[in-house]
Amino acid sequence: MDGVLVRENTVVPGAGGFLRQLTERQRRFLVLTNNSIFTPRDLAARLLHLGVEVPESAVWTSALATAEFVTAQHPQGTAYVVGEAGLTTALHEVGYVLTDRDPDFVVLGDTRTYSFEALTTAIRLIGKGARFIATNPDVTAPCRDGPLPATGSVAAMIATATGQNPYFVGKPNPMMIRFGLNRINAHSETAVMVGDRMDTDVVAGTEAGLQTLLVLTGSTSVEDLPRYPYRPNYVLPSIAEATNLLA
């Protein structure tokens with residue numbers, strides 16, 4: 001989503017037209033984000049406010065992928081959550097009970113209000129045997145005033161305190177992509193991952209067996225490409241130029 005369709009609360013020129021082309025040509029798609037703070041309804045409303053119409057059902061977050069993962073591992077389980085509505089809602093919807101009493105998992109997600117008390121509880125529960133899951137490994141999140149600490153940074157602190165590394169479900173874990181493909185009944189052989197980051201989007205798509213398309217409206221520039229041992233199938237200035245690939 002960020003860096004491909006929108007950037008700093010501004011629509012990337014051509015993004016709306018590209019999505020309309022997908023709809024008109026009946027191409028199934030998902031809009032992905034590692035952000036676990038917001039629900040799909042919140043994010044669809046944000047995009048609509050900016051002038052981009054995306055169905056709520058077409059928004060796929062790391063929180064939803066995390067809920068899919070934990071319920072596949074332990075159906076109808078329990079979790080202690082450090083996160084916000086996007087994560088707690090996703091877990092409730094798969095039948096999870098949120099508790100601080102001997103949970104099966106400690107699940108860490110993005111939040112703007114990390115508390116020392118909540119992190120202490122998480123550390124103690126992991127020490128007692130709860131399995132440690134985190135929605136995504138992003139260490140910072142963009143903000144108008146500068147970067148903010150994100151899930152990966154807080155996960156590192158908890159891992160240092162407990163000696164237990166988390167399992168990250170979101171990008172670049174290809175599991176998030178595979179869960180997404182299942183959601184829209186698609187196959188990797190006929191799907192394309194579009195993203196603005198080599199270290200999350202392109203590597204996740206590559207490892208999941210998709211073709212990959214890098215757009216240069218976000219975090220990665222052409223000068224960055226030689227640093228990586230893998231390459232996207234396509235590199236375009238923005239999503240607007242991707243319309244030609246739909247033919």
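**Exercise 1. In which loop is Gln26 found?**

Solution. In this predicted model, Gln26 is found in the loop that lies between helix 1 (15–24) and strand 3 (31–33). As a second step, look at the backbone of Gln26, which has a positive phi of about 55° although Gln26 is not a glycine.

**Exercise 2. Describe the peptide bond from Lys171 to Pro172, and place Pro172 among the elements.**

Solution. Begin with the torsion: omega is near 15° for the bond from Lys171 to Pro172, and this peptide bond is cis. Then place the residue: Pro172 belongs to the loop that runs between strand 11 (167–168) and helix 7 (174–183).

**Exercise 3. Describe how helix 5 and helix 6 cross, and which residues meet there.**

Solution. Two packed helices are described by the angle between their axes and by the distance between those axes. For helix 5 (residues 116–127) and helix 6 (residues 151–162), the axes come within 10 Å and cross at roughly 45°. Helix 5 is therefore oblique to helix 6, and their crossing is right-handed. On the side of helix 5, the residues that take part are Leu119, Ala122, Ile123 and Ile126, and they meet Val154, Met157, Ile158, Ala161 and Thr162 in helix 6. Sorted by class, the residues of this contact comprise 8 nonpolar and 1 polar, with no charged residue.

**Exercise 4. Carry out the analysis for helix 3 and helix 4.**

Solution. The axes of helix 3 (residues 62–73) and helix 4 come within 8 Å, and they cross at roughly 35°. The crossing in which helix 3 passes helix 4 is right-handed. Helix 3 contributes Ala63, Leu64, Ala67 and Val70 to the contact, while helix 4 contributes Gly86, Leu87, Ala90 and Leu91. Of the residues in the contact of helix 3 with helix 4, 7 are nonpolar and 1 is polar, and no charged residue is present.

**Exercise 5. Characterise the second largest pocket by its volume, its lining and the elements that supply the lining.**

Solution. Start with the volume: the second largest pocket holds about 160 Å³ of space. Next, list the lining, which is formed by Thr39, Pro40, Arg41, Glu56, Ser57, Leu64, Gly86, Thr89, Ala90, Glu93 and Arg183. Two or more residues of this lining come from each of helix 2 (40–49) and helix 4 (85–93), and helix 4 gives the most, with 4 residues. Finally, divide the lining by class, which yields 3 nonpolar, 4 polar and 4 charged residues. Leu64, Gly86 and Ala90, which are among the lining residues, also take part in the contact between helix 3 and helix 4.

Terms used: Residues numbered from 1 in each chain as written. Predicted model: local features only at pLDDT ≥ 70, side-chain atom pairs only at ≥ 80, totals over all residues. Heavy atoms only, no water. Axes fitted to C-alpha atoms, helices over the stretch in contact; angles between N-to-C directions. Parallel < 35°, antiparallel > 145°, perpendicular 65-115°, else oblique. Left-handed = near helix turned anticlockwise from the far one by under 90°. Contact = heavy atoms within 4.5 Å. Nonpolar A, V, L, I, M, F, W, Y, C, P; charged D, E, K, R; others polar. 1 Å grid on protein atoms, 1.4 Å probe; cavity = no way out; pocket = protein on both sides within 12 Å on 5 of 7 lines; lining within 4 Å. Points joined across faces, edges and corners; volume = space filled by probe spheres on them.
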